[in-house]
Amino acid sequence: MTACYLPGSKVGDSDLFHHGFVIKGGLGPGWCQEITGDLLWWRSQNQIAMAASQAGFAVALNPSLGLNLVGPITGTGTATTTPHGKAFMAQHFQIRHLNYHLGFAGPLFREREMPMEFDVHGSRNFGAGFLRDAAMGILSFGDVQKPGDIRVLYAYAIKDGNSMISEVTDDYLGTLSGVNIRVHEFRFDLGLTKFLAWQNYFYIVNPRRGNDPALHFFVPYPYGANTNYRV
């Protein structure tokens with residue numbers, strides 16, 4: 001019952017329907033652009049919430065894998081109906097995502113190519129009524145191909161607590177909580193050899209919203225928690 005499944009009922013597997021499209025084109029010498037759109041549609045998503053909880057992971061994972069795992073899956077952050085609960089606050093995860101990419105081969109700087117790239121992402125979970133949006137913008141300058149090459153990057157992202165399932169989302173931002181966050185990312189790369197680069201990342205992470213018992217909205221990293229700095 002804690003995962004919104006009735007005792008004795010048959011529960012289907014948690015699965016994902018994911019389709020999309022990509023459109024590419026040129027804008028002139030050295031310029032290129034790309035538009036990507038996709039739809040992610042989850043079924044029986046609360047099995048993932050169970051697998052991420054201390055009390056539920058053994059029920060959801062051990063019988064199906066035939067192994068006795070010692071801990072839940074990682075990547076918490078998605079809002080649940082109770083503190084550290086086994087049911088997501090969003091009734092469904094029907095996520096529409098759109099991405100636009102703009103690239104330029106770049107000018108020469110001391111005989112080194114310095115390509116420029118701009119990415120913007122936006123998504124909405126139409127299976128939730130509020131706190132369901134996510135967005136990210138990335139600006140990159142330079143590329144590392146040989147010794148002495150450099151690359152600098154800045155990114156800003158916001159991900160609401162009902163926007164996506166954190167446990168199965170690629171955590172590009174390198175945070176401990178995959179959603180209910182806003183993040184500044186700074187990156188610097190330096191080429192050391194033809195096959196070796198020195199990469200440096202710096203993240204400033206803050207929570208987006210606080211727990212709201214009246215709405216049955218609970219997250220492990222709520223508003224009011226300390227800013228998280230990661231290097």
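Is Phe186 buried, partly exposed or exposed, and at what relative accessibility? In this predicted model, Phe186 has a relative accessibility of 36% and therefore counts as partly exposed. The surroundings of this residue are described below, beginning with the sheet to which its strand belongs.

The sheet is open and consists of nine strands in the order β1-β2-β3-β6-β7-β8-β9-β10-β11, with antiparallel pairing. The edges are formed by β1 and β11, each of which has a single partner strand, so that one side of each is left without a neighbour in the sheet. From one strand to the next, the twist averages 10 degrees.

At the β1 edge, strand β1, comprising residues 15–28, is joined to strand β2, comprising residues 31–43, by 13 bridges in the antiparallel sense. Two residues separate these strands in a hairpin, and Gly30, located in the turn, adopts a positive phi of about 85 degrees. Along the pairing, Lys24 is placed opposite Glu34 in β2, while Phe21 is placed opposite Gly37 of that strand.

Further along the strand order, β8 and β9 are paired in the antiparallel sense through ten bridges, with Ile158 having Arg182 in β9 as its bridge partner. Strand β9 is in turn joined to β10 by twelve bridges, again with the two strands running antiparallel, and the two form a hairpin with two residues between them. Within this pairing, Arg187 stands opposite Tyr201 in β10. Strand β10 spans residues 196–207 and includes Leu196, a residue that is partly exposed at a relative accessible area of 46%. Although Leu196 and Val144 are 52 residues apart along the chain, their C-alpha atoms are separated by 9.3 Å.

Aromatic contacts accompany the strand pairing in this part of the sheet. Seven aromatic pairs are present in the structure. In one of them, the ring centres of Tyr154 and Phe186 lie 5.2 Å apart with the planes at 45 degrees, and the pair is therefore tilted; an angle under 30 degrees would have counted as stacked and one over 60 as edge-to-face. Because Tyr154 belongs to strand β8 (residues 150–159) and Phe186 to strand β9 (residues 181–193), the contact ties together parts that are 32 residues apart in sequence. Tyr154, like its ring partner, is assigned to an intermediate class of accessibility, since it counts as partly exposed at 32%.

A second pair is formed by Phe202 and Tyr229, whose ring centres are 6.5 Å apart and whose planes meet at 10 degrees, so that this pair is stacked. Phe202 is situated in strand β10 and Tyr229 in strand β11 (residues 228–230), and the pair therefore ties together parts that are 27 residues apart in sequence. The accessibility classes of these two residues can be stated individually: Phe202 is partly exposed, with a relative accessible area of 31%, whereas Tyr229 counts as exposed at 55% relative accessibility. Through ring pairs, Tyr154, Phe186, Phe202 and Tyr229 are linked into a cluster.

Charged side chains are also found over an aromatic ring elsewhere in the model, at Phe126. Arg96 lies over the face of Phe126 at 4.3 Å from the ring centre, and the charged end of Arg132 sits over the ring of Phe126 at 5.7 Å from its centre.

Conventions. Residues numbered from 1 in each chain as written. Predicted model: local features only at pLDDT ≥ 70, side-chain atom pairs only at ≥ 80, totals over all residues. Heavy atoms only, no water. Helix = DSSP H or I, 4+ residues; strand = E, 2+ residues; numbered from the N terminus. Buried < 20%, exposed > 50% of the residue type's maximum accessible area, 1.4 Å probe, protein only. Pairing = 2+ DSSP bridges. Phe/Tyr/Trp six-rings, centres within 6.5 Å; stacked < 30°, edge-to-face > 60°. Lys NZ or Arg CZ within 6 Å of the ring centre and 35° of its normal. Axes fitted to C-alpha atoms, helices over the stretch in contact; angles between N-to-C directions.
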